[in-house]
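Trainee: Could you walk me through the ring pairs and a helix contact in this one?

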Amino acid sequence: MAASRARGLDWHGAQAPSLAEFEAIADRAFQRLPRRFRDLCKDVVIRIEDFPTDEVLDALAAESEFDLLGLYHGVDLARQSVMDPAAMPEMVFLYRRPILDYWAEHEETLGHIVTHVLVHEIGHHFGLSDADMHHIEEEAAA
């Protein structure tokens with residue numbers, strides 16, 4: 001089946017999605033998430049970067065720049081306080097090159113992987129369980 005699909009593709013003109021195209025993929029994935037979940041994320045900024053910074057890699061003791069597909073940056077809701085000073089916006093980073101590398105090595109669609117990473121990282125913001133995140137992914141796929 002994969003061989004027949006491959007024959008129909010124009011591989012000579014195919015390229016990995018650019019940062020802008022990847023941002024559009026992430027936006028479509030976000031728009032497919034359940035509305036009640038998206039509404040809670042109105043202040044979360046989603047950023048697409050090629051790779052995590054060296055500081056992030058060092059802080060997480062990552063062995064390679066390909067080890068991290070995404071990252072939630074901020075204070076999760078369970079630890080926020082009205083007494084805290086105004087903070088930077090909550091951010092979710094999706095790392096294009098590690099996600100593309102993961103996609104090349106697995107039998108999942110790029111859209112599924114982006115949705116999974118996005119839900120997982122946003123889930124950190126809300127302190128969701130793995131079961132909660134799985135349910136949200138299933139709703140997005142429907």
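Here is our chat about the aromatic pairs and one helix packing.

Trainee: How many aromatic pairs does the structure hold?
Mentor: Keep in mind that this is a predicted model. Rings pair up if their centres lie within 6.5 Å. On that basis, the number of aromatic pairs in the structure is three.

Trainee: Are the planes of Phe37 and Phe126 stacked, edge-to-face or tilted?
Mentor: The ring centres sit 5.8 Å apart, with the planes at 55°. Stacked needs under 30 degrees and edge-to-face over 60. The angle fits neither, so the pair is tilted.

Trainee: How far apart in sequence are the parts that Phe37 and Phe126 tie together?
Mentor: Both residues are buried, by the way. Phe37 belongs to helix α3 (residues 35-40) and Phe126 to helix α6 (residues 110-126), so the parts this pair ties together are separated in sequence by 89 residues.

Trainee: And what about Phe93 and Tyr95: stacked or edge-to-face?
Mentor: Phe93 is buried at 13% relative accessibility, and Tyr95 is buried too, at 2%. Their ring centres are 6.2 Å apart and the planes make an angle of 10°. Stacked covers anything under 30 degrees, so this pair is stacked.

Trainee: Which word describes how α5 and α6 lie, roughly perpendicular or oblique?
Mentor: Helix α5 (residues 96-105) packs on α6 at about 130°, with the axes 10 Å apart. Roughly perpendicular runs from 65 to 115 degrees, and roughly antiparallel starts over 145. The two helices are therefore oblique.

Trainee: What kinds of residues make up the contact of α5 with α6?
Mentor: From α5 come Ile99, Leu100, Tyr102 and Trp103, which meet Leu110, Ile113 and Val114 of α6. There are no polar and no charged residues in this contact, and seven are nonpolar.

Technical notes:
Residues are numbered from 1 along each chain as its sequence is written. This is a predicted model: local features need pLDDT of at least 70, side-chain atom pairs count only at pLDDT 80 or more; totals for chains, interfaces and linings use all residues. Side-chain values use heavy atoms; hydrogens and water are left out. Rings of Phe, Tyr and Trp (its six-membered ring) pair if their centres lie within 6.5 Å; planes under 30 degrees apart count as stacked, over 60 as edge-to-face and the rest as tilted. Helices (H or I, at least four residues) and strands (E, at least two) are DSSP runs, numbered from the N terminus. Buried means under 20% relative accessible area, exposed over 50%, partly exposed in between (1.4 Å probe, protein chains only). Axes are lines fitted to C-alpha atoms, for helices over the stretch in contact, and angles run from 0 to 180 degrees between N-to-C directions. Angles under 35 degrees count as roughly parallel, over 145 as roughly antiparallel, 65 to 115 as roughly perpendicular and the rest as oblique. Contact means heavy atoms within 4.5 Å. Ala, Val, Leu, Ile, Met, Phe, Trp, Tyr, Cys and Pro count as nonpolar, Asp, Glu, Lys and Arg as charged, and the others, Gly among them, as polar.
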